[in-house]
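User: I am new to this structure and would like a close look at a single part of it. Could you walk me through the links that hold its strands and loops to one another?

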Amino acid sequence: MVGVAVAAFAFTFALVPLYRIACEKVFGIRLEKSPVEASAQAAKADPNERWVTVQFDGGVNSKLPWGFHPNNLTMKVRPGEQYETTYFARNNGDRAIVGNAVPSVAPAKASGYFSKTECFCFTAQTLQPGESRDMPVRFIVDPALPREITTLTLSYTFYKNDALTSRLQNAPVGAPQVARSAP
């Protein structure tokens, strides 16, 4: 029994490197590097000589009566520096609705090199009827982005959060609102 316990314990520690190998070598998914490795790699690559185009896209699920689009369609960025853009959202419905944004980055190979430091997608968003809002996204493109990738697309799809919306609509008058986030 002791041998089985020791083997199970050793197997648990072996799973982390096995998972990393499977992700990186077999599936081609880049896992996050430690801060030391990232800064060493950033020091090797000169970010001053490289620019990357980031395209922005946005849409809503058919159940959500919102208008949603990026305020800027493209932006040229220097890897390793932080940038900010905004997306515009408007509730065209006749009641308060809570929505959640789901981001994606294309090409998929570049998703591990695109970091959002602040994003409206981190929390549910509540918009009252007719309310509109500009929502910020702060991001950094990793200098270790493969050289062959010169354009990235950041896309969001907003979905209606049925559970939070029904809670909001069933709340007594004067009760605090659910999932209200700062602009």
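Analyst:
**Salt bridges and strand pairing**

Let us begin with one pair: Lys 63 and Asp 162 meet through their side chains in a salt bridge, with 2.7 Å from N to O. Lys 63 sits in the loop between β1 (52–60) and β2 (66–70), while Asp 162 belongs to helix α3 (residues 162–170), so the pair ties together parts that are 99 residues apart in sequence. Asp 162 counts as partly exposed, at 38% relative accessibility.

A word on what you are looking at. This is a predicted model, in which local features need pLDDT of at least 70 and side-chain atom pairs count only at pLDDT 80 or more, while totals for chains, interfaces and linings use all residues. Residues are numbered from 1 along each chain as its sequence is written, and side-chain values use heavy atoms, with hydrogens and water left out.

Some terms will help too. A salt bridge here is a side-chain nitrogen of Lys or Arg within 4 Å of a carboxyl oxygen of Asp or Glu. Buried means under 20% relative accessible area, exposed means over 50%, and partly exposed lies in between (1.4 Å probe, protein chains only). Helices (H or I, at least four residues) and strands (E, at least two) are DSSP runs, numbered from the N terminus.

The structure holds six salt bridges. Another of them links Glu 84 with Arg 138, whose closest N and O atoms are 2.6 Å apart. Glu 84 lies in strand β4 (residues 82–91) and Arg 138 in strand β8 (residues 132–141), so this pair ties together parts that are 54 residues apart in sequence. Glu 84 is partly exposed, with a relative accessible area of 39%, and Arg 138 is partly exposed at 30%.

Lys 109 and Glu 148 also form a salt bridge (2.8 Å, N to O). Lys 109 lies in the loop between β5 (97–106) and β6 (114–119) and Glu 148 in the loop between β8 and β9 (151–160), so parts 39 residues apart in sequence are tied together. Glu 148 is exposed, with a relative accessible area of 55%. Elsewhere, salt bridges with shared partners join Glu 84, Glu 118 and Arg 138 into one network.

Now for the strands, which pair if DSSP finds at least two bridges between them. An open sheet of four strands follows the order β2-β4-β8-β6, with antiparallel pairing. β2 and β6 stand at its edges with a single partner strand each, so one side of each has no neighbour in the sheet. Within this sheet, β4 and β8 run antiparallel and are joined by nine bridges; Thr 85 stands opposite Val 137 in β8.

β1 has pairings of its own. Four bridges join β1 to strand β3 (residues 74–77), and the two run antiparallel; here Val 54 stands opposite Met 75 in β3. Eight bridges join β1 to β9, and these run parallel, with Asp 57 opposite Ser 155 in β9.

Last comes the one disulfide of the structure, a term that stands for a pair of cysteine sulfur atoms within 2.5 Å. It joins Cys 119 to Cys 121, with 2.5 Å from S to S. The link of Cys 119 and Cys 121 is right-handed, with 130° about the S-S bond. Cys 119 is buried at 7% relative accessible area, and Cys 121 is buried at 15%.
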